[in-house]
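Work through the following exercises with the sequence and the model side by side, attempting each task before reading its solution.

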Amino acid sequence: MSPRSTTQAPASTIPSTPASSLPIAGASADAPIQKLFATGTAAPAQESLRSIANPESPLVLVNKTHPLTPVDYMPADLVTLPVRTGSTEPALLRAEAAAAVERMFAAAAAEGVSISIKSSYRSFETQTSVYNGHVASKGVAAADASSARPGFSEHQSGFALDIGDANSGADCDFTFCVADTAAGKWVAAHGADHGFVVRYPVGLESTTGYLAEPWHLRYLGIAVAQDMRVRGIQSYEDYLGLPDAPSYK
């Protein structure tokens, strides 16, 4: 999700939202993820110990109706990625996701595709600045279509990153033309092999709550990402059988 607008607006700009996770329809918030799979065949045994409400899990659901708990959550195992960033931000991700990114970038490079990271982990404070900057420049409604409120951002989980094509100009960063670059095409086709999905697909804006972002990748693990691809399910909400999350409650 684009971090471009970082002009600090007053803290009161951020609309108030309850800090606790809202109820998950069709399952309890701490239900083992394995029980939520439609096929029951995707998850390895250890996945049954992971929860879609647990911020420590790569399967945590983060959207406009399911904030991180606590909302100022900070991962304890962030590591710096030794990969090309194309950004002034440090490239930080949770250890499991970081290792997967290294493997994915290496696989792409072996096929002549050079991927760069434009944005990765963002703290609650950084996301506050990013979101308020968008609000200051274009208003709350437009900001909410392209930027998550602090506490509701996948970037804050440490399992999300924004990518770019290292061989394309900066004019393509955080714009839909990423989908037409070699990097954008490669991650759409092969990201699942490394545990990543394009989190905000075209045509599912009313489900995910955000405009399509072919540059925003979310780490879910190879089992889930590949199962989504095989079954043709594009949104994580649909995969879990949970309601759409078009707006904040």
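**Exercise 1.** Identify which residue of β6 is the bridge partner of Asp162, and then place that pair within the sheet.

*Solution.* The partner of Asp162 in β6 is His216. This is a predicted model, in which local features need pLDDT of at least 70 and side-chain atom pairs count only at pLDDT 80 or more, while totals for chains, interfaces and linings use all residues. Residues are numbered from 1 along each chain as its sequence is written, and side-chain values use heavy atoms, with hydrogens and water left out.

Next, consider the strands themselves, which are DSSP runs of E with at least two residues, just as helices are runs of H or I with at least four, both numbered from the N terminus. Strand β4 (residues 160-165) runs antiparallel to β6 and is joined to it by three bridges, where pairing requires that DSSP find at least two bridges between two strands. Leu161 stands opposite Leu217 of β6.

On the other pairing, β5 (residues 196-200) and β6 are antiparallel over four bridges, and Tyr200 has Glu213 as its bridge partner in β6. The resulting open sheet of four strands is antiparallel, in the order β3-β4-β6-β5. Its edge strands are β3 (115-119) and β5, each of which pairs on one side only.

**Exercise 2.** Decide whether strand β6 is largely enclosed or not, and state how many of its residues are buried.

*Solution.* Buried means under 20% relative accessible area, exposed over 50%, and partly exposed in between, with a 1.4 Å probe and protein chains only. By this criterion seven of the seven residues of β6 (residues 213-219) are buried, so the strand is largely enclosed by the rest of the structure. For the chain as a whole, buried residues make up 53% of the 249 residues.

Then look at the helices: α1 (residues 95-110) lies across β3, β4, β5 and β6, and α5 (residues 182-190) also lies across β3, β4, β5 and β6.

**Exercise 3.** Describe where Ser235 is found and which residues it is in contact with beyond its neighbours within four places in sequence.

*Solution.* Ser235 is found in the loop between α7 (222-231) and α8 (236-240), and it is buried, with a relative accessible area of 0%. Leaving aside neighbours within four places in sequence, Ser235 is in contact (heavy atoms within 4.5 Å) with Leu204, Thr207, Thr208 and Met228. Finally, the side chain of Ser235 reaches the backbone nitrogen of Asp238 at 3.0 Å.

How values were computed
Polar contact = N/O pair within 3.5 Å; in protein donor to acceptor, adjacent residues only side chain to side chain. Axes fitted to C-alpha atoms, helices over the stretch in contact; angles between N-to-C directions.
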